[in-house]
Amino acid sequence: KNLQRKHSTAYSPKTKTSMLRKRRSSSDGSFTTDHHNNFKNDDYDGSKGKTSNIPRLLIVFLSMIIGAIGVVEYWNPKSLQDFGRGLEAGMSEASVRGALTNGNSSSSSDQVHVIFSTDCSAFQHWQSYLLAFSAYQVKQHDIGTVVRIASGCGEDEEKAAQKWHDEHIANVFGERYRIHFTPHFSSVKDSDGKVKGDYKFFNKPFGLRHWMANTNINDNDIVILIDPDMIILTQLNGDFSSQRDVIVGNKKQEKFKVEHGSPFGQTYGFGAQWSTKIDLAKVAGADSPSVGISRQDAFRYYPVGPPYLATARDMRNIAEKWSEFVPGVHKQYPYLLAEMFAYCVAAAHLKLPHQRVDHLMVSNVGAGGEGWPFVDEIIKDESTNVCEFATFPVSSKSHAIPSVIHYCQRYMLEKELFSKRRFNTNFYSCDTPSLTTYDNDFGGDQKTDLKGKRNAFMLCAITSMLNASLEHFKNNHCSR
């Protein structure tokens with residue numbers, strides 16, 4: 001370094017050379033490629049047109065030694081073989097690096113891993129791209145990884161999904177955007193082990209457990225489990241100390257940071273049903289701490305859903321018990337929310353009461369316990385048009401905003417409708433036209449009630465984010 005510093009005052013492009021070496025990133029321990037330029041040194045005499053090669057050769061020699069040390073330290077023979085196999089299999093260099101590092105970090109600072117569970121259908125394919133785009137906009141990758149867990153893909157489906165991910169996500173958003181494949185988990189079996197149905201949400205606990213078993217992350221890291229039909233508006237992390245940006249689900253905020261023994265979760269409206277509709281002793285055992293939990297505590301600490309936040313150590317334990325309990329819960333309650341009830345049972349069994357927070361999500365325009373008070377404050381602000389505010393990119397500078405939009409409902413105002421079930425699964429294509437946008441004053445009529453204005457916020461935000469992500473897709477993958 002001293003030699004390069006000393007001999008770099010007379011740089012000339014004509015004599016610039018490039019050396020390629022591997023380095024380990026200080027942020028996430030992954031391998032990237034650096035080009036280090038060798039500069040003409042102070043011995044260069046422009047008037048005579050002569051150079052001395054000795055310092056330059058010395059620099060080259062020292063750089064080669066440093067590079068070789070880096071290779072020896074971070075790339076063992078097996079890793080090099082795996083790297084080669086990955087490239088031969090058609091994976092991008094970025095994806096191979098991500099697979100080899102498995103999210104492991106050499107940094108002393110804790111990482112945040114945002115993960116979401118999908119299958120391999122086209123329906124969840126476009127949602128995954130939109131989620132990744134929204135994460136990219138808030139720089140979620142600056143503090144950790146964003147991982148799609150794809151379960152139950154056939155061999156051809158997995159190859160196609162990996163190729164598409166490499167080309168359109170990893171190579172554009174970066175190697176911290178990853179995809180992890182798991183076996184098929186959604187089969188419902190009878191007492192004899194025969195398949196009698198399918199419950200796709202089994203993929204969530206079992207996929208989480210599979211990812212954690214095959215990923216080397218620090219116990220202190222934070223794992224945030226969200227749903228694929230979510231749009232991230234603010235960077236997700238484990239800090240809830242800002243009074244301006246937090247709405248607590250309990251009467252009093254007891255925790256302010258995700259730590260061991262202190263998980264957080266978004267409030268959902270099923271209350272204590274997870275304990276009253278399920279025979280907990282049959283699911284978790286008669287001696288399970290979940291069995292003796294009071295009705296008050298069952299309601300106060302456990303009716304949570306995505307986003308779930310916990311340290312990796314706690315989330316790993318939850319994933320194990322969640323996967324163990326969910327078949328029994330579904331057997332007693334074979335309906336939507338079965339896997340969410342099972343999460344509550346697992347958390348209570350492990351004595352992991354959650355700090356419920358409301359602001360992490362807006363979804364149902366008529367529901368309480370969500371981040372709607374933030375949106376309602378925007379609506380009340382006469383100097384702000386709701387639709388204009390909700391247009392990409394949504395900023396939290398002037399108003400606090402929810403962390404994610406969960407577009408699992410239908411949103412309607414006047415003649416406008418958005419429903420994910422009706423959306424074009426081939427939206428991310430070079431031939432797709434942009435969606436029709438709304439005027440800034442859409443939903444601003446005084447006759448529009450509160451629900452209508454909330455619908456306007458959702459329609460404008462979702463449409464705007466879809467159009468922005470489509471433009472980004474075309475700019476990177478479509479010839480003009």
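**Reading helix 12 and the largest pocket**

Guide: Over residues 94-108 the pLDDT (the predictor's confidence in each residue, from 0 to 100) stays under 50, and the model has 56 contacts (heavy atoms within 4.5 Å) beyond four places in sequence for them. This is a predicted model, where local features need pLDDT of at least 70 and side-chain atom pairs count only at pLDDT 80 or more, while totals for chains, interfaces and linings use all residues. Residues are numbered from 1 along each chain as its sequence is written, and side-chain values use heavy atoms, leaving out hydrogens and water.

Visitor: What is the mean pLDDT of the protein chain?

Guide: The mean is 82, with 77% of residues reaching 70 or more. Over residues 66-83, though, pLDDT is below 50, and that stretch has 16 contacts beyond near neighbours in sequence.

Visitor: Is helix 12 enclosed or open?

Guide: Helices are DSSP runs of H or I, at least four residues, and strands are E runs of at least two, numbered from the N terminus. Twelve of the twelve residues of helix 12 are buried (under 20% relative accessible area, 1.4 Å probe, protein chains only), so helix 12 is largely enclosed by the rest of the structure. Its buried residues, including Phe-341 and Tyr-343, pack against helix 7 (203-213), helix 8 (273-276), helix 9 (280-284), strand 11 (304-311) and helix 11 (312-332).

Visitor: What comes just after helix 12?

Guide: Lys-351, with a positive phi of about 55°.

Visitor: Which element gives the most to the lining of the largest pocket?

Guide: Rolling a probe the size of a water molecule over the atoms shows where empty space is left. Here helix 5 (122-137) gives the most, with three residues.

Methods:
Buried < 20%, exposed > 50% of the residue type's maximum accessible area, 1.4 Å probe, protein only.
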